[in-house]
Amino acid sequence: MAVVVVTDSSASLPADLIGALGIDVVPLHVLVGDKAVREGIDDLAIDYSSDAVSTSAPSPGELRHAYTEALARSGGDGVVAVHLSRQLSATWESGRQAVRDMGAESSVRLVDSLGAGLATGLPALAAARSAAAGAPLDVVHRTAVTAAENSHTFIVVNRTEQLRRGGRLSTAAGFFASELVSKPILQLVQGRLELREKVRTRSKAVAKLVAAAVAAAGSGEAVLGVQHLDAAEAAETVTTQLRERLPHVREILTAEFGPALGVHLGVGAVGVLVLPGGWG
């Protein structure tokens, strides 16, 4: 048996990696009018521009069920649950309640990824790789925490309606007044989504996005992730430029933002996640 890693669907991990490393994924919920959609499980067309679309975290009961099954599968070796930032979602708090209800504080370890999307996925992957190598619970947990604390995330959004509606941007004062003449570049800082800077065109925003990722990666080993929502061409451009400017980086994961994040970021969003030092 081995430590089992659990994450949530915001992690945006490719199915082949989930299967190969035995990661359990708990779906977030997208609310479309009076219908609740489980991300990654239920199919329903989503209009990201609609005011009728919102998101919700898994309940403590759902997470308790997931943790209980994972703990049983681990044979008692333990569970590390890596979830999106508690500053952005109630998922981590639901997880904490679930662990309390189980009385499993010593065998189910929660990790706040301080991010979302691949900023959650890469710490979960780092933990799962550690678990697959036979590391004990304390080491797997520390691997996830270290990856979360060391990662950098930068995002360009195409429009700001979803950010305004969702209220996830922590530096919103005065931000939206000039949205028609600027493109925002966002970053995650200790789990909070903050404005990094604004530029006037999307092409300049993408160039700034790449430059920020290159600076964060440095000259040493690193793992990168590129995500987008219905912006495959822009994501491919970003990936190509990163490979050209960071030839020493051997691994760049690509993924789409799932609906739960897409509701808040909007169509056209492109993000880069940088994990300096690689898998640890």
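This report describes the fold of one protein chain, from its overall size to its sheets and helix pairs.

The model is predicted: local features need pLDDT of at least 70, side-chain atom pairs count only at pLDDT 80 or more, and totals for chains, interfaces and linings use all residues. Residues are numbered from 1 along each chain as its sequence is written, and side-chain values use heavy atoms, with hydrogens and water left out.

**Overall form**

The protein chain contains nine helices and 13 strands. Helices (H or I, at least four residues) and strands (E, at least two) are DSSP runs, numbered from the N terminus. Along the principal axes, the C-alpha atoms fill a box of roughly 55 × 50 × 30 Å. The radius of gyration is 18 Å, which agrees with the value near 19 Å for a compact globule of 280 residues. This radius is taken over C-alpha atoms, and the globule rule is 2.2 Å times the number of residues to the power 0.38.

**The two sheets**

Strands of a sheet pair through backbone hydrogen bonds, either parallel or antiparallel. Here, two strands pair if DSSP finds at least two bridges between them.

One open sheet has three strands in the order E4-E3-E5, with antiparallel pairing. Strand E4 (35-38) and strand E5 (53-56) are at the edges with a single partner strand each, so one side of each has no neighbour in the sheet. From one strand to the next, the twist averages 30°. Strand E3 (residues 29-32) pairs with E5 in the antiparallel sense over four bridges, and Val30 has Thr55 of E5 as its bridge partner.

The other open sheet has six strands in the order E10-E9-E8-E13-E11-E12, and its pairing is mixed. Its edges are strand E10 (192-199) and strand E12 (251-256); each has a single partner strand, so one side of each is left without a neighbour in the sheet. Neighbouring strands are turned by 20° against each other on average, direction ignored. Strand E8 (residues 152-156) and strand E9 (residues 183-189) pair in the antiparallel sense over three bridges. The bridge partner of Phe154 in E9 is Gln187.

Helices also pack on this six-stranded sheet. H7 touches E8, E9, E10, strand E11 (222-228) and strand E13 (270-276), and its direction makes about 175° with that of E8. H8 touches E11, E12 and E13, and its direction makes about 160° with that of E11. Contact means heavy atoms within 4.5 Å.

**Helix pairs**

Axes are lines fitted to C-alpha atoms, for helices over the stretch in contact, and angles run from 0 to 180 degrees between N-to-C directions.

| Helix pair | Angle | Axis distance |
|---|---|---|
| H7 (residues 202-217) and H8 (residues 232-245) | about 40° | 10 Å apart |
| H4 (residues 118-132) and H5 (residues 137-150) | roughly 155° | within 8 Å |

H7 is therefore oblique to H8, while H4 and H5 are roughly antiparallel to each other. Angles under 35 degrees count as roughly parallel, over 145 as roughly antiparallel, 65 to 115 as roughly perpendicular and the rest as oblique.

H7 passes H8 in a right-handed crossing. A crossing is right-handed if the near helix is turned clockwise from the far one by less than a right angle, and left-handed if anticlockwise. The H7 side of the contact includes Arg202 and Val206, and the H8 side includes Ala234 and Arg245.

H4 also passes H5 in a right-handed crossing. Pro123, Ala126, Ala127, Ser130 and Ala131 of H4 meet Val139, Val140, Thr143, Ala144, Ala147 and Ala148 of H5.
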